[in-house]
Amino acid sequence: MAKDHEDDDLSLHDLIEGPTRDLTSARAAALAQANARPASGDHEVDGTSGDPRGGQLHDQPSEGAAGRRRVDLERLPASGALYRRALLGVVPGVGGRRGTDVPALELAVGGIPVDPGHLADYDRVCGFRLTDRLPATYLHVLGFPLSLRLMTGPGFPIPLTGVVHVANRITVHRPVEVGERVDFHTYAENLRPHERGRQLDVVLVGSIGGEEVWRGVSTYLGKERGGPRRDRGDRPAPPASSARWRVTPRVGTDYARVSGDHNPIHTSKLGARLFGFPRPIAHGMWSKARCLAALEPRLPEAYTVDVSFKLPVPLPSTVAFSASAAGAGWDFALHSARDGRPHLAGSVR
């Protein structure tokens, strides 16, 4: 019987020193060709200018919206280097101070191409049909390194290590096709207290030809010690499922490969244990994408898909998907097939 790679794991050295390849080889080659330009000799691939603490950006500063300083990067940052920085930041004496508010900063990068091979790879991992139209969740993946650069910057108020992705809202204004180049900008807002710490929103906007075509808002929780635990009470019975999916450990590593999101809680037993999980958990954005793929034939040209992430999906496990029509939209959910515990609740409007 084939194994689900349960024995594959990263060492502590791997967690800090790698992985550095945040993209598939095809996507990396496409981006390298698209962004080729004479090197100035002082630019690192993670978006810094020779500053080992990552305090400087090789930027073209200007004034952004809401008084934010806008910084235009030459290329998308490399996620691997940013994760290494975040992991080293939890080592005593290495991590810098946290800010008391969101940074008045907006990062931007222009003309990002879509590699058809990478898109097809992503579609297969998440269950989408193979077409030239980008799934709503794909632009989150394409622009995620830019948001990651923002979240690993000096003074960002919530540390990336151990952060919990609690909600995500994506608005598709019109379909985006392969062959179009996307301009991204990202910023953080709405830092607010939570009963178990603090949370904020990271906004990522995709535009083409000066027109906003896509917007994603990810809500993150930075847990802090001493917060009260909510009394969950009796949970309602889950709705009848329309599908069941076996989620293997391979989902964690495959999604990390196509998304560039190498958070070790999704790919490593050691990494998961370091942050309080007995075993790796599925990426929340994979769960959202998989649910959206199940609804794909019924989605309109423009819509907003909103999800709240409940309990993590442990790897491996079996999950139950349910969906019901709600006017012109849909309500959907993901539960544990074994005991009905909720993993995700969402809507399309």
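This text walks through strands, buried residues, ring pairs and backbone exceptions in a predicted model. Local features need pLDDT of at least 70, side-chain atom pairs count only at pLDDT 80 or more, and totals for chains, interfaces and linings use all residues. Residues are numbered from 1 along each chain as its sequence is written, and side-chain values use heavy atoms, with hydrogens and water left out.

Start with strand β12, residues 342-348. Strands here are DSSP runs of E with at least two residues, helices are runs of H or I with at least four, and both are numbered from the N terminus. Of the 7 residues in β12, 6 are buried, so the rest of the structure largely encloses this strand. Buried means under 20% relative accessible area, exposed means over 50%, and partly exposed lies in between, with a 1.4 Å probe and protein chains only.

Which strands pair with β12? Pairing requires at least two DSSP bridges between two strands. Strand β9 (residues 303-309) pairs with β12 in the antiparallel sense, over 5 bridges. Within that pairing, D306 stands opposite S347. Strand β11 (residues 329-336) also runs antiparallel to β12, and 6 bridges join the two. Here L334 stands opposite L344. β11 and β12 form a hairpin with 5 residues between the strands. In that hairpin, G340 takes a positive phi near 80°.

H335 belongs to β11. Its relative accessible area is 12%, so H335 is buried. Contact means heavy atoms within 4.5 Å. Not counting residues up to four places away in sequence, H335 touches P238, P239, T318, V319, A320, G340, R341, P342 and H343. G340, with its positive phi in the hairpin, is thus named again among the contacts of H335.

Next comes strand β5, residues 182-194. Is A188 of this strand buried or exposed? A188 has 3% relative accessibility, so it counts as buried. Beyond residues up to four places away in sequence, A188 touches V102, L150, F156, D201 and V202. A188 and L150 are 38 residues apart in sequence, with 8.2 Å between their C-alpha atoms.

N190 is also found in β5. Its relative accessible area is 43%, so N190 is partly exposed. Phi of N190 is near 60°, a positive value in a residue other than glycine. Most residues other than glycine have a negative phi, and most peptide bonds are trans. The second part of that rule has its exception too: a cis peptide bond joins L315 and P316, with omega about 0°. P316 lies in the loop between β9 and β10.

Strand β7 covers residues 211-223 and contains V213. With 0% relative accessibility, V213 counts as buried. Leaving aside neighbours within four places in sequence, V213 is in contact with T171, V172, H173, R174, V176, G206, S207 and I208. V213 and A302 are 89 residues apart in sequence and 9.5 Å apart in space, C-alpha to C-alpha.

Now the aromatic rings. How many aromatic pairs does a search of the whole structure find? It finds 4. Rings of Phe, Tyr and Trp (its six-membered ring) pair if their centres lie within 6.5 Å; planes under 30 degrees apart count as stacked, over 60 as edge-to-face, and the rest as tilted. The rings of Y122 and Y255 have centres 6.4 Å apart and planes at 50°, so this pair is tilted. Y122 sits in helix α4 (residues 116-126) and Y255 in helix α6 (residues 249-259), 133 residues apart. Both Y122 and Y255 are buried. Ring pairs link these two tyrosines with F128 and Y138 into a cluster.

W245 and F321 have ring centres 5.1 Å apart and planes at 20°, so the pair is stacked. W245 lies in strand β8 (residues 243-247) and F321 in strand β10 (residues 317-326), so the pair ties together parts 76 residues apart in sequence. W245 is buried at 11% relative accessible area, and F321 is buried at 4%.

Charges meet rings as well. A charge sits over a ring if NZ of Lys or CZ of Arg is within 6 Å of the ring centre and within 35 degrees of the ring normal. The charged end of R290 sits over the ring of W245, 4.1 Å from its centre. R68 lies over the face of Y187, at 3.7 Å from the ring centre.
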